[in-house]
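Open the model in your viewer and keep the selection panel at hand. The stops below say what to select next and what is there.

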Amino acid sequence: MSPIESVGIVGGGLMGSGIAEVSSRAGIPVTLVEISAEAADQAQSRIEGSLRRAEKRGKIEAAEVEDVLARISFTDALEQLAQCDLVVEAASENEQVKLDLFRRIGPMLEKEDAILASNTSSIPIVKLGAVSGRAGRVMGIHFFNPAPVMKLVELIPSLTTSPETKSRVATFVEDQLGKQAIEATDRAGFVVNSLLVPYLLSAIRMYEAGYASAEDIDHGMVLGCGHPMGPLALCDLIGLDTIRAIGASMYDEFKEPLYSPPPLLDRMVEAGLLGKKSAQGFYPYK
Ligand code: CAA
């Protein structure tokens, strides 16, 4: 089984940029595709900012920062992915967008054993495999935000993923990237979001109902339970649009009311208050 020697990333938002950074820091050349040259520039700045922060904190040498950046090429042309060993799709959490990408990228990959993965948190992997024309070589690889810091990666083989694909991806994640993998079945939310999302949505409902201020809800969980950040600050970090999309997919799958996005979350997303990435969510950001 050959190691992954080139990685393609589709989407340079929070997750795509983080996965590109992690892969390049593992010494693997990365091609990051965005929808426009401007979006590709933004992804480049995001990765550079993250590396500079890591440098300031003594996690990486200045010379290595340059090498990591030099190993990533940024483009708006999907065809640049043709020669990759592994492509990780990290576009927005929207089923139609992902299906369209899998339909287009699947036939583009020139290597017979190339793997096409999704960083989705909640969209069925089996559906993405079915439209790609290479279902045996499609699986879910789910990173956590911020990807350079969070140790966990969820691996989600679908009913049609081949055992070779599963073990090659597990080796990539654990041995090449140095992350800790857990395996989950192809059900919306997998392990972590099935537990996390109802908690985050409950915090939003609590705030919406006026139980307590955002600060007090967050202090409650940080100081009372030792969480690194409170639920509303975490919503802002993940992105309120992403949380709404994950909750909606999970609700569609299980019809469990706790997964259903509350009206305040809908209104905030409709207003463009998406959290840290839009400089305003439950809190303001610079
Ligand atoms: N590379 C390597 N290390 C980095 C880094 C980078 N690019 N950027 C930061 N770090 C390191 C810092 O050096 C620091 O390490 P030390 O503590 O050893 O010095 C550590 O990461 C934390 O960084 P900061 O000090 O800048 O930030 P912080 O202490 O305020 O912590 C946080 C920020 C890591 C986000 C922390 O609050 C946390 O863990 N929050 C919870 C995040 C979480 O739950 N994520 C999962 C979200 S769910 C998800 O993503 C899935 C989904 O589908 C929605």
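Start with the two domains: their centres, taken over C-alpha atoms, lie 26 Å apart. This is a predicted model. Colour residues 7–183 as domain 1 and residues 193–278 as domain 2, as the domain assignment gives them. Now show the contact between them. Domain 1 supplies eight residues and domain 2 supplies seven residues. How much area is buried between domain 1 and domain 2? The figure is about 650 Å², with carbon and sulfur atoms giving 59% of it. On the domain 1 side, pick Glu93, Ser122 and Asn145. These residues lose the most area to domain 2, together 51% of what that side buries.

**The sheet**

Switch to a cartoon view and select the strands. Eight of them form an open sheet. Trace the order β3-β2-β1-β4-β5-β6-β7-β8; the pairing is mixed. The edge strands are β3 (72–75) and β8 (180–183), and each pairs on one side only. From one strand to the next, the twist averages 25°.

Zoom in on β1 (residues 7–10) and β2 (residues 30–33). The two strands run parallel and are joined by four bridges. Find Gly8, which stands opposite Thr31 in β2. Then find Ile9, opposite Leu32 in β2.

Stay on β1 and show side chains. In a regular strand the side chains alternate between the two faces of the sheet. Here Val7 and Ile9 point one way, while Gly8 and Val10 point the other way. Are these four residues buried or exposed? All are buried.

**Helices on the sheet**

Add helix α1 (14–25). Helix α1 packs on the sheet and touches β1, β2, β3, β4 (86–89) and β6 (138–143). The direction of α1 makes about 170° with that of β2. Next add helix α4 (residues 95–105), which also packs on the sheet. Its contacts are with β1, β4, β5 (115–118) and β6, and its direction makes about 175° with that of β5.

Now click Ser118, in strand β5. Why does Ser118 count as buried? Its relative accessible area is 1%, and buried means under 20%. Beyond its neighbours within four places in sequence, Ser118 is in contact with Glu89, Lys98, Phe102, Leu128, Met139, Gly140 and Ile141.

For a contrast in setting, go to Ser36, in the loop between β2 and α2 (37–56). Ser36 counts as partly exposed because its relative accessibility is 25%, which falls between the 20% and 50% cut-offs. Draw a distance from Ser36 to Glu183, 147 residues away along the chain. Their C-alpha atoms are separated by 34 Å.

**Two nonpolar cores**

Nonpolar side chains tend to be buried together in soluble globular proteins. Which residues have the most contacts inside the largest nonpolar core? They are Leu86 and Ile141, in a core of 35 residues. Centre on Leu86 and show what surrounds this residue. Setting aside residues up to four places away in sequence, Leu86 touches Ile4, Ser6, Val7, Gly8, Ile115, Ala117, Ile141 and Phe172. Another core, of 25 residues, lies apart from the largest one. Select some of its members, including Ala188, Val197, Leu200 and Tyr259.

**Helix α9**

Finish with helix α9 (residues 231–238). How many of its eight residues are buried? Eight are, and the helix is mostly covered. Select the buried set: Pro231, Leu232, Ala233, Leu234, Cys235, Asp236, Leu237 and Ile238. This set packs against α1, α7 (192–208), α8 (214–225) and α10 (240–254).

Pick Cys235 in this helix. Cys235 is buried because its relative accessible area is 0%, against a cut-off of 20%. Leaving out residues up to four places away in sequence, Cys235 touches Leu200, Ile204, Leu240, Ile243 and Phe282. Now draw a C-alpha to C-alpha distance from Cys235 to Val197. The two are 38 residues apart in sequence and 9.4 Å apart in space.

One last click: Gly239, which follows α9. Its phi is positive, near 110°.

Conventions:
Residues numbered from 1 in each chain as written. Predicted model: local features only at pLDDT ≥ 70, side-chain atom pairs only at ≥ 80, totals over all residues. Heavy atoms only, no water. Core = buried A, V, L, I, M, F, W, Y, C linked by side-chain atoms within 4.5 Å. Buried < 20%, exposed > 50% of the residue type's maximum accessible area, 1.4 Å probe, protein only. Contact = heavy atoms within 4.5 Å. Pairing = 2+ DSSP bridges. Axes fitted to C-alpha atoms, helices over the stretch in contact; angles between N-to-C directions. Domains from an automatic or database assignment. Buried area = accessible area lost by both parts, 1.4 Å probe.
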